[in-house]
Amino acid sequence: MKNENEYDNTSTPADSEQTYEDITFTFEDETDTIEPTIHEDDEVEEVDTLEENKKMLSEVLSKKSALDSQETDDQEVPESAVENSSDSLLSTVDKNLNSNNSEDIILRANPTLGFNDVSYARNKKEEPIINNFSAKFYTGRTYAIKADNSAQVAALLGVTICFTLPQNGSITIKGTNIASLDHAKTRLNRLGIIPQKFALRPDLTAVENLTYVMSASNRNFLRPIKDIALALLEQCGYNGGSKIISDVAPVEQRIASIARAIACEPEIIIADDPLRDLNNEDANRVSDLLNNLAKNTWPQRVEYANHKHCIIILTQNDSYTGICDETLTL
């Protein structure tokens, strides 16, 4: 008898339904719904306030030192001491921002992805599946969100990738409410999605899966998309060759789905329990890949995805506690 949790290699349809308990989301073929657009205005630019904050901090320190010197009758604070104090503090800020510790976020204006008192229910008569969930997620870190059941995972995935909207609260990408964004383009260009099912078309090779989504994005790529797809798969350690996806091992399917998720250069990756049903060796391959993506710590020089990402894993178990930088409970 087939284990109901076994990774499904045979389901295909581009227009398919993924059902978790009583919640159903329809995964549509994005190529049928997206009109050609100019991509230059698609991205929401992150406001870089670091230099401005450093300048303000330096001015405050200088003014404070000047006031202190006025209050001291017999002592004068040398100008060099003020400069050294300011430089020392700013150096500390720089050091923290360049590290991978939680202090990285101290001067960032907006989180990469933010949940602000988000609630979701199937209808107004039922109890919320998600109730007043708030969290901030930043680039360069990996997160696990532990849910109690599959309904919570489905609801959180649905509101995050714009298949549905929360009844209360808001979800933001770099300060912009996703409700105001084009949802199809957000899924294609700003969010990399790795669901348990329907992540790949099993009748296509891994290269064809990547070029399929890249073509649908309407982006302008600097090189032929097939060349980029081949380079991304090699970079991610894919070993499935030119076989169609239904004929490769589950771990190779998972790695191909990660490569597909980053093919259009999103900064945020949402993954539905990517280590499920993998043995320890294969799980280590996938977790190492996700960490390299998050922190841009590739073991070799890479041409693509060579920047930090925000990795968010949705799960129902505790297996990610020692793998991710932070674990939250829904």
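The following legends describe three close-up views of a predicted model. Local features require a pLDDT of at least 70, side-chain atom pairs count only at pLDDT 80 or more, and totals for chains, interfaces and linings use all residues. Residues are numbered from 1 along each chain as its sequence is written, and side-chain values use heavy atoms, with hydrogens and water left out.

**View 1. Surroundings of Y320, a loop residue.** Y320 is placed in the loop between strand 10 (310-315) and strand 11 (326-329); helices (H or I, at least four residues) and strands (E, at least two) are DSSP runs, numbered from the N terminus. Y320 counts as buried because its relative accessibility is 1%; buried means under 20% relative accessible area, exposed over 50%, and partly exposed in between (1.4 Å probe, protein chains only). Apart from neighbours within four places in sequence, Y320 is in contact (heavy atoms within 4.5 Å) with A144, D273, P274, L275, R276, I313, T315 and T327. One of these partners, L275, lies 45 residues from Y320 along the chain, and the C-alpha atoms of the two residues are separated by 8.9 Å.

**View 2. Backbone at D117, a residue of strand 3.** Strand 3 comprises residues 113-120 and includes D117. The phi angle of D117 is near 50 degrees, a positive value in a residue other than glycine. With 46% relative accessibility, D117 counts as partly exposed.

**View 3. Backbone at N296, a loop residue.** N296 is located in the loop between helix 8 (280-295) and strand 10. Although N296 is not a glycine, its phi is positive, at about 55 degrees. The relative accessible area of N296 is 30%, so this residue is partly exposed.
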